[in-house]
Amino acid sequence: LADQLATTPVTTPVEIRVNSPGGDLAAALAMISLLEQRPATIRVDGIAASAASLLCCAGRCVASRNSLFMIHPPWLSSASGDAKQLRETVAGLEKFEVQTVGVYARKTGRSEREIARLLDSGETWMDATEAKRFGVCDEITEGTGVVGNWGFLNPPKHLIAMALAGSSAAVEFNSSPALRQEF
């Protein structure tokens, strides 16, 4: 992304398309820093979960009505070491959480305290209307249907049904046998 943006003037609008279960928080924070320097539109075609939902905060977020958003506190998939190393890991993770809270607070206009409480509650799933009400989404469009790669995610059944209702959506279940059996 940095290489691509380096070849265009800062005043040139960019559009980022999102359909992601999330990923590396450090990479997302770096992308946000780059995108906040220019006019950016983030289009959510399906899922903006975890770090991908943070990316929606980097500019004007336009989401398909079938989109799903998920926010949660930062987490690690594994950690190892002695007690001192694990304390250092926790301290680093807490710094990432401070950054995450700040990004959501700036985008939504909500207090950092309110965002921190919401993150402390675990995963929060939102459809496009809820994401707009929350403030992470600015506009909802009809879109062309959702194409979801749920990855490691386990969204609530009612949100899956809402996303798939009335669309000819293609859904890839690549990790959860339970979800694969449901459909």
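## A walk through the predicted chain

Ser121 counts as exposed because its relative accessibility is 52%; exposed means over 50% relative accessible area, buried means under 20% and partly exposed lies in between, with a 1.4 Å probe and protein chains only. This is a predicted model, where local features need pLDDT of at least 70, side-chain atom pairs count only at pLDDT 80 or more, and totals for chains, interfaces and linings use all residues. Residues are numbered from 1 along each chain as its sequence is written, and side-chain values use heavy atoms, with hydrogens and water left out.

Back to Ser121: look for Ser121 in the loop between α5 and β5 (124-127). Its C-alpha atom lies 8.0 Å from that of His72, although 49 residues separate the two along the chain.

Here is the overall picture. The chain has eight helices and eight strands, which are DSSP runs numbered from the N terminus (helices are H or I, at least four residues; strands are E, at least two). Of its 183 residues, 40% count as buried. The exposed area of the chain is about 9800 Å², and 52% of that comes from carbon and sulfur atoms; accessible areas come from the Shrake-Rupley method with a 1.4 Å probe, and for residues only the protein chains shown count as cover. A contact means heavy atoms within 4.5 Å. Take the contacts between residues at least 6 apart in sequence, and 64% of them join residues at least 24 apart.

Now for the inside. In soluble globular proteins, nonpolar side chains tend to be buried together. A nonpolar core is a set of buried Ala, Val, Leu, Ile, Met, Phe, Trp, Tyr and Cys residues joined through side-chain atoms within 4.5 Å. The largest one here has 33 residues, and the members touching the most other members are Val18, Leu35, Val44, Cys56 and Phe69. There is also a second, separate core of five residues, including Ala49, Leu68, Met70 and Trp125.

Helix α4 (residues 83-108) packs against two other helices, α5 and α2. Two packed helices are described by the angle between their axes and the distance between the axes. Axes are lines fitted to C-alpha atoms, for helices over the stretch in contact, and angles run from 0 to 180 degrees between N-to-C directions.

With helix α5 (residues 112-120), the α4 axis comes within 9 Å and crosses at roughly 120°. That makes α4 oblique to α5; angles under 35 degrees count as roughly parallel, over 145 as roughly antiparallel, 65 to 115 as roughly perpendicular and the rest as oblique. The α4 side of the contact includes Glu97, Val101 and Tyr104, and these meet a set from α5 that includes Ile115, Ala116 and Leu119. The crossing of α4 past α5 is right-handed; the near helix is turned from the far one by less than a right angle, clockwise for right-handed and anticlockwise for left-handed.

Helix α2 (residues 25-35) and α4 pack at about 40°, with axes 11 Å apart. So α2 is oblique to α4 as well. This time the crossing is left-handed. From α2, Leu25, Ala26, Leu29 and Ile32 meet Phe96, Gln99, Thr100 and Val103 of α4.

Three other loop residues fit in a small table.

| Residue | Loop | Relative accessibility |
|---|---|---|
| Ser50 | between β2 (40-49) and α3 (51-55) | 13%, buried |
| Ser111 | between α4 and α5 | 39%, partly exposed |
| Ala79 | between β4 (68-71) and α4 | 48%, partly exposed |

Ser50 has a phi near 55°, a positive value in a residue other than glycine. Ser111 is ten residues from Val101 in sequence, with 9.0 Å between their C-alpha atoms. Ala79 and Val90 are eleven residues apart along the chain, and their C-alpha atoms are separated by 9.5 Å. Leaving aside neighbours within four places in sequence, Ala79 is in contact with Leu86 and Thr89.
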